[in-house]
Amino acid sequence: MSEAVEYDVVVLGGGPAGEHIVDRTRAAGLTTALVEAELVGGECSYWACVPSKALLRPALARADARRVPGLAGSVGGPLDAAAVLAHRDYWTGSWKDDGQVDWIDSIGVHLYRGHGRLYGVRKVAVTSPEGEHHVLAARHAVVVATGTRAMVPDVPGLAGARPWTSREATSAQQAPGRLLIVGGSVVAAEMATAWQALGSQVTVLVRGSGLLPRMEPFAGELVAEALREAGAVVRTDVSVEAVVRSGSTGPVQVVLEGGEILEGDELLMATGRSPRTGDIGLETVGLTPGDWIPVDDSCRVQGHDWLYAVGDVNHRALLTHQGKYQARIAGAAIAARAAGGGELDTGRWGAHAATADTQALPQAVFTDPEAAAVGLTLAEAERAGHRVRAVDYDLGKVSGAGLYADGYRGRARMVVDLDREVLLGVTFVGPGAAELVHAATIAVAGEVPIDRLWHAVPAFPTISEIWLRLLETYRG
């Protein structure tokens, strides 16, 4: 190994969380190095959030247009799949990260391309694609932001069947004739929506009772209903026992519990994520390779005053925007500790505490209909011991929703803490519902009392008038 090059901060992983923390540490005047083995911008930019939304936007726009009088008859045909895929390629930079690298250079961060591993306390060893070796030493902090990878279960025959993961599902260059999807997650629901709209015959196989299990049950029910109406098959309470595929391009067969066999041209496994920590040197600092990395609310690793973990890898909230949020919190904490400014503000909602990870976590699912939520579901609030009331309203009965689309179908729920009369969670399902969630996030994170929300008047005739209907229903 070469002599160590010293920086104030070394960040391992250049996805959204890694990019945000180097931005924050450089803004604080700390010299910073970034290590990335693949593309700067990470999973979100090239194989997840960005390409999936590029695939989904045409599908959702067409679905909305088909519900508008005077326009519906003009959009009856299929999507131009080649144009949609080209649009996706544009937004991923055709899987080149030149623009992201230019930004890294512009803020004065030193980029090391290659595989990085912890090399003991405050050190990272990097092996470049050309075989060069570097050792980076951190004066103040090393940050692990290596994210996650798709988890492929140990099903007989699956490994040799070349299944799609989220990466293949968002980067495929043509629509398969028949696509089998195993799982009920966001990836499963969104990719079913996208590829069904692009011409595939989609079958979704869910081991549990429905789609989107982390949201209110009605969210998955409405999304599954719409997928079926679009021509997809959605089956719940089914278990895959084996997978069979002959040859390199032949069809793939899925054997269900009980012996039923389904055949498709491609198989997408959307069955969860696992941390990218198997080969990053965790054992050199007393941590277990392959495990999630536990952290406190400032995202500092327990038992290590110099080591932080942000983004999916800490398992607090596997969402891109939360990884960015954690990076902002951790960056501020690193800067404060480096400056020796005394006690940090790590209390609830403090400047150095990622409280929103557990109290006001927002999520938007870009299916048709869209599903968006923040905070706790009714079941989660009850399990946590809160005395709560769920307030439901038919989103389609709001004037703005009826003007948005004929036959608008949707639902809204707010979960009220009856002891404090603040919101613990809010869920919206319906076309365009994703744009409603930030107002709900402000209400939940700000713990805005119901009495004050009554004075937040929604503009007429917007879909946001759902807030008035929910509050009227609560107040009786």
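## Reading a parallel sheet and a pocket

Me: I would like to start with the sheet in this predicted model. In what order do the four strands lie, and in what sense do they pair?

Reply: Good place to begin. With a sheet, list the strands side by side and then look at the pairing sense. Here the order is S10-S9-S8-S14, the sheet is open, and the pairing is parallel. Strand S10 (233-235) and strand S14 (266-269) are the edge strands, each pairing on one side only. From one strand to the next, the twist averages 15 degrees.

Me: Which bridges should I look for between S8 and S9?

Reply: Go pair by pair and pick a residue to anchor your view. S8 and S9 are joined by five bridges in the parallel sense. Among the bridge partners, Ile-181 is matched with Val-204 in S9. The chain gets from S8 to S9 by way of H7, in a right-handed β-α-β crossover.

Me: And how many bridges link S9 and S10?

Reply: Strand S9 (residues 201-205) pairs with S10 over three bridges, again in the parallel sense. Val-204 turns up here as well, with Val-234 in S10 as its bridge partner. Thr-203 has Val-233 of S10 as its partner. Here too the connection is a β-α-β crossover: the chain runs from S9 through helix H8 (residues 217-229) to S10, and the crossover is right-handed.

Me: Is S9 mostly covered or mostly open?

Reply: For that, check burial residue by residue. Four of the five residues in S9 are buried, so it counts as mostly covered, taking buried as under 20% relative accessible area.

Me: Where does helix H7 pack, and which strands does it touch?

Reply: For a helix on a sheet, look at its contacts and then its direction. Helix H7 (residues 186-197) packs on the sheet and touches strand S8 (178-182), S9 and S14. The direction of H7 makes about 165 degrees with that of S9.

Me: Let's turn to a pocket. What volume does the second largest pocket have, and which residues lie nearest its centre?

Reply: Read a pocket by its volume first, then by its lining. The volume of the second largest pocket is about 570 Å³. Its lining comprises 24 residues, and those nearest the centre are Ala-63, Arg-67, Ala-226, Ala-230 and Asp-368.

Me: Which elements give two or more residues to that lining?

Reply: They are helix H3 (49-65), H7 and H8. H8 gives the most, with five residues. You have met two of these helices already: H7 lies on the path from S8 to S9, and H8 on the path from S9 to S10.

How values were computed
Residues are numbered from 1 along each chain as its sequence is written. This is a predicted model: local features need pLDDT of at least 70, side-chain atom pairs count only at pLDDT 80 or more; totals for chains, interfaces and linings use all residues. Side-chain values use heavy atoms; hydrogens and water are left out. Two strands pair if DSSP finds at least two bridges between them. Axes are lines fitted to C-alpha atoms, for helices over the stretch in contact, and angles run from 0 to 180 degrees between N-to-C directions. Contact means heavy atoms within 4.5 Å. Buried means under 20% relative accessible area, exposed over 50%, partly exposed in between (1.4 Å probe, protein chains only). A crossover is right-handed if, with the strands pointing away from the viewer, the path from the first strand over the helix to the second runs clockwise. On a 1 Å grid over the protein atoms alone, a cavity is a set of points where a 1.4 Å probe fits but cannot get out, and a pocket is an open set with protein on both sides within 12 Å along at least five of seven lines; lining residues have an atom within 4 Å of a point. Grid points are joined across faces, edges and corners, and a volume is the space filled by probe spheres set on the points.
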